[in-house]
Amino acid sequence: MSNTLPPLPYDYDALEPYISKQIMTLHHQKHHQTYVNALNAAEAAYAKASTPKERIALQAALKFNGGGHINHSLFWKNLAPSAAVNKGNGGVLKEGPLKKAIEEAFGSLDNLKKEFNAATLGIQGSGWGWLGYNTQTKRLEIATTANQDPLLTLVPIIGVDIWEHAFYLQYLNVKADYLTAIWNVINFEEAEARLVEASGASKL
C-alpha cells in the first residue's frame with residue numbers, strides 16, 4: 001500500500017499564535033507530503049530492484065523519507081490548540097501517570113522543559129528532540145536524533161521537530177523562542193496515552 005499524508009487533527013491556524021498558519025500549512029502540505037512522495041518512490045524502486053547493490057543504494061532514501069513520514073505523523077498528534085488561547089487542551093498537564101512519571105524523572109514539568117530545550121538546542125543542524133520511555137528502567141528520558149532518524153532506543157512520548165522549516169518563518173534563527181513557545185501547544189493527553197500503552201500503567 002502507498003503511504004499517504006495523514007490529515008491534521010485541527011485547522012492550520014489552530015496553533016496560533018505559537019505556530020503560525022503559514023508554517024503549519026507549508027510544513028504539512030509541502031514538507032511532509034514530500035517525504036511521503038519520496039518514500040513511495042523509494043519503496044516502488046526497491047520492489048523493482050533486481051540486485052543487492054540496487055537495494056543497498058535505496059536504503060538511505062528509505063531511511064530518511066520513512067523517518068520523516070513516521071516522525072511527522074507523530075508530531076501532528078503531539079500538538080493541540082492552546083488551552084489558554086484557543087480553548088483546546090494544548091499545554092495542560094493534568095494529574096495522572098504522565099505527570100507522575102515526569103515528576104519522578106525530572107522533579108517538575110518546568111525542569112523537564114528546561115532539560116528538554118537545552119538538549120534539543122544542542123543538536124548540530126537539523127533533527128528532533130524527544131521525551132521517551134525506557135522500557136528497561138521504566139523511566140522517562142530525554143533524547144535527540146539527527147536529521148529524520150526516528151527514535152528507536154526509547155518509546156517516543158513527545159517529539160519536537162527542530163528543522164528550520166518547523167519554525168524559521170516565525171522565529172527566524174531563534175530556536176530557543178520556538179522551543180519555549182511550543183510547550184503551549186503540546187498535547188499532553190496524547191503523550192499520556194502513549195505512556196500508558198508503553199508502560200502498561202493504569203490511566204487515572
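The centres of domain 1 and domain 2 sit 22 Å apart, taken over C-alpha atoms. Domain 1 is residues 21–78 and domain 2 is residues 97–201, with bounds that come from an automatic or database domain assignment. Where they meet, 16 residues come from domain 1 and 25 residues from domain 2; contact here means heavy atoms within 4.5 Å.

A quick word on what you're looking at: this is a predicted model, where local features need pLDDT of at least 70 and side-chain atom pairs count only at pLDDT 80 or more, while totals for chains, interfaces and linings use all residues. Residues are numbered from 1 along each chain as its sequence is written, and side-chain values use heavy atoms, with hydrogens and water left out.

**The two annotated spans**

UniProt has an unreviewed entry for this chain, with one feature called "domain: Manganese/iron superoxide dismutase N-terminal" at residues 4–80 and another called "domain: Manganese/iron superoxide dismutase C-terminal" at residues 95–194. Positions follow the numbering used here, feature names are shortened, and annotations may be inferred rather than shown by experiment. Helices (H or I, at least four residues) and strands (E, at least two) are DSSP runs, numbered from the N terminus.

| Span | Helix | Strand | End C-alpha atoms apart |
|---|---|---|---|
| Residues 4–80 | 70% | 0% | 21 Å |
| Residues 95–194 | 42% | 23% | 16 Å |

**The core**

Which residues touch the most other members of the largest nonpolar core? They are L79, L98, L140, I157, I158, Y178 and I182, out of 48 residues in that core. Domain 1 and domain 2 both give residues to this core, so it lies between them. A nonpolar core is a set of buried Ala, Val, Leu, Ile, Met, Phe, Trp, Tyr and Cys residues joined through side-chain atoms within 4.5 Å. Buried means under 20% relative accessible area, exposed over 50%, and partly exposed in between, using a 1.4 Å probe on protein chains only. Take L140: leaving out residues up to four places away in sequence, L140 touches L98, A101, I102, A105, F106, L131, G132, Y133, I157 and L195.

**The sheet**

There's an open sheet of 3 strands in the order β2-β1-β3, paired antiparallel. Its edge strands, each pairing on one side only, are β2 (139–146) and β3 (155–161). From one strand to the next the twist averages 25°; axes are lines fitted to C-alpha atoms, for helices over the stretch in contact, and angles run from 0 to 180 degrees between N-to-C directions. Strands count as paired if DSSP finds at least two bridges between them, and β1 (residues 127–134) is joined to β3 by 6 bridges. Within that pairing, G129 stands opposite V160, and G132 has P156 as its bridge partner. As for cover, 5 of the 7 residues of β3 are buried. Helix α5 (residues 109–121) lies across β1, β2 and β3, running at about 20° to β2.

**Two glycines**

Is G127 buried or exposed? G127, in strand β1, is buried, with a relative accessible area of 0%. Setting aside neighbours within four places in sequence, G127 is in contact with T145, A146, N147, V160, D161, I162 and W163. G122 lies in the loop between α5 and β1 and counts as partly exposed, at 46% relative accessibility.

Sequence spacing and C-alpha distance can be read side by side here. G127 and S199 are 72 residues apart in sequence and 26 Å apart in space, while G122 and S50 are 72 residues apart in sequence and 42 Å apart in space.
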